[in-house]
Amino acid sequence: MKKTLLMISIALALSACATEKNSIDKEVRETKEWSNDRLYREARTELDSGNYQRSAKLYDVLRSRQADGRFTEQSLIDTAYAYYKNEEPTKALNALVRFEHNFPVSVDMDYALYLRGLILFDEDQSFLQKLASQDWSDRDPEANRRAYLAFEELVRRFPQSKYAEDSRKRMAQLVDALGGHELAIARYYAKRGAYIAANNRAQGVLRKFQNTRYVEEALAIMAFSYDKMGHAQLAADTNRVLKQNFPQSPYLEKAWVADDMPWWRYWK
């Protein structure tokens with residue numbers, strides 16, 4: 001059965017590759033009499049019209065004609081955008097890698113970094129929308145970190161860029177999401193009685209995400225786990241810190257209790 005499924009998967013993959021190649025070959029045939037200028041204009045028109053798949057194919061044909069021509073730089077960044085809008089993030093990121101490698105001092109480098117951040121940022125949001133019921137343990141937050149690093153590099157290298165302000169906003173949201181993920185792991189462990197692991201993760205929130213909204217609950221989880229492990233003094237000390245920083249905290253009236261809130265609800 002497994003062998004049959006594997007063969008079917010391989011056949012489907014080969015079929016998809018063949019279909020894509022045939023599609024590009026068709027574009028090559030249909031545009032063979034076009035000048036490079038016309039080919040570029042048509043690709044750009046398709047991009048502006050929202051025909052992202054055909055736009056990417058026309059750009060591919062253009063670059064196959066002139067690997068280092070005058071349209072190559074713009075065609076790569078446009079291709080990345082076309083793939084991004086066509087929900088093909090892997091192809092979009094590959095196009096950006098080529099762009100950044102071949103044109104490291106491009107005037108559009110700030111946009112390339114911004115687009116890379118958007119692709120990774122939206123990739124994670126797409127996951128959340130499609131797999132909202134899936135357990136957090138099946139999802140590594142690497143896309144969030146990579147998106148953050150792309151936006152951070154943009155802001156650092158191009159602080160006056162027109163994309164910098166939005167990048168900063170997205171960085172704040174990504175930090176919030178990463179903090180929520182870390183707290184969710186702490187909650188997960190606490191609920192299952194893994195109190196040392198829960199405490200360590202809660203401390204991680206305090207160390208790495210001290211400016212997020214998760215600090216209050218992280219302290220409460222620390223106090224809860226210390227109490228469960230029989231460390232009464234540490235629990236009391238943690239509650240004292242909680243009271244100093246969050247004097248109206250509900251966890252001062254009632255100790256933290258695990259519930260079933262899935263981690264993906266921290267993304268807001």
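Reader: Which residues of α2 are buried?

Author: In this predicted model, the buried residues of α2 are Leu-39, Tyr-40, Ala-43, Glu-46 and Leu-47. They sit on the same side of α2, because the arc they cover around the axis is only 130°. The general idea helps here. An α-helix has 3.6 residues a turn, so residues three or four places apart point the same way.

Reader: What lies on the other side of α2, and what covers the buried residues?

Author: Arg-41 and Asp-48 are on that other side, and they are exposed. The cover over the buried residues includes α3 (52-65) and α4 (72-85).

Reader: How many residues does α2 have, and how far does it reach?

Author: Helix α2 spans residues 36-48, which makes 13 residues. From first C-alpha to last it reaches 18 Å, close to the 18 Å expected at 1.5 Å a residue. Just after the helix, look at Gly-50, whose phi is positive, about 85°.

Reader: Glu-46 is on the buried list. Which residue forms a salt bridge with Glu-46?

Author: Its partner is Arg-54, with the closest N and O atoms 2.7 Å apart. To read such a pair, check the accessibility of each member. Glu-46 counts as buried because its relative accessibility is 13%, whereas Arg-54, at 26%, counts as partly exposed.

Reader: Now a charged residue in α3. Is Arg-63 buried or exposed?

Author: Arg-63, which lies in helix α3, has 9% relative accessibility and so counts as buried. Next, see what surrounds it. Leaving aside neighbours within four places in sequence, Arg-63 is in contact with Thr-72, Ser-75, Leu-76, Thr-79 and Arg-98. With Thr-79 there is a polar contact from side chain to side chain, at 2.9 Å.

Reader: How many salt bridges are there by the counting rule?

Author: The count comes to 15. It is worth asking how far apart the partners are along the chain. Lys-169 and Glu-165 meet in a salt bridge at 3.8 Å, N to O. Being 4 residues apart in helix α8 (residues 164-191), they are separated by about one helical turn. Both Lys-169 and Glu-165 are exposed.

Reader: Where do Lys-208 and Glu-182 lie?

Author: Their salt bridge has its closest N and O atoms 3.6 Å apart. This pair links distant parts of the chain, with Lys-208 in helix α9 (residues 195-208) and Glu-182 in helix α8, 26 residues apart. Lys-208 is partly exposed at 47%, while Glu-182 is buried at 6%.

Reader: Which residues are linked in a network of salt bridges?

Author: Glu-100, Arg-116, Glu-153 and Arg-157 are linked in this way.

Note on methods:
Residues are numbered from 1 along each chain as its sequence is written. This is a predicted model: local features need pLDDT of at least 70, side-chain atom pairs count only at pLDDT 80 or more; totals for chains, interfaces and linings use all residues. Side-chain values use heavy atoms; hydrogens and water are left out. Helices (H or I, at least four residues) and strands (E, at least two) are DSSP runs, numbered from the N terminus. The expected span of a helix is 1.5 Å times one less than its number of residues. Buried means under 20% relative accessible area, exposed over 50%, partly exposed in between (1.4 Å probe, protein chains only). The arc is that of the directions from the helix axis to the C-beta atoms. Contact means heavy atoms within 4.5 Å. A polar contact is a pair of N or O atoms within 3.5 Å; within protein, one must be able to donate a hydrogen and the other to accept it, and residues adjacent in sequence count only if both atoms are side-chain atoms. A salt bridge is a side-chain nitrogen of Lys or Arg within 4 Å of a carboxyl oxygen of Asp or Glu.
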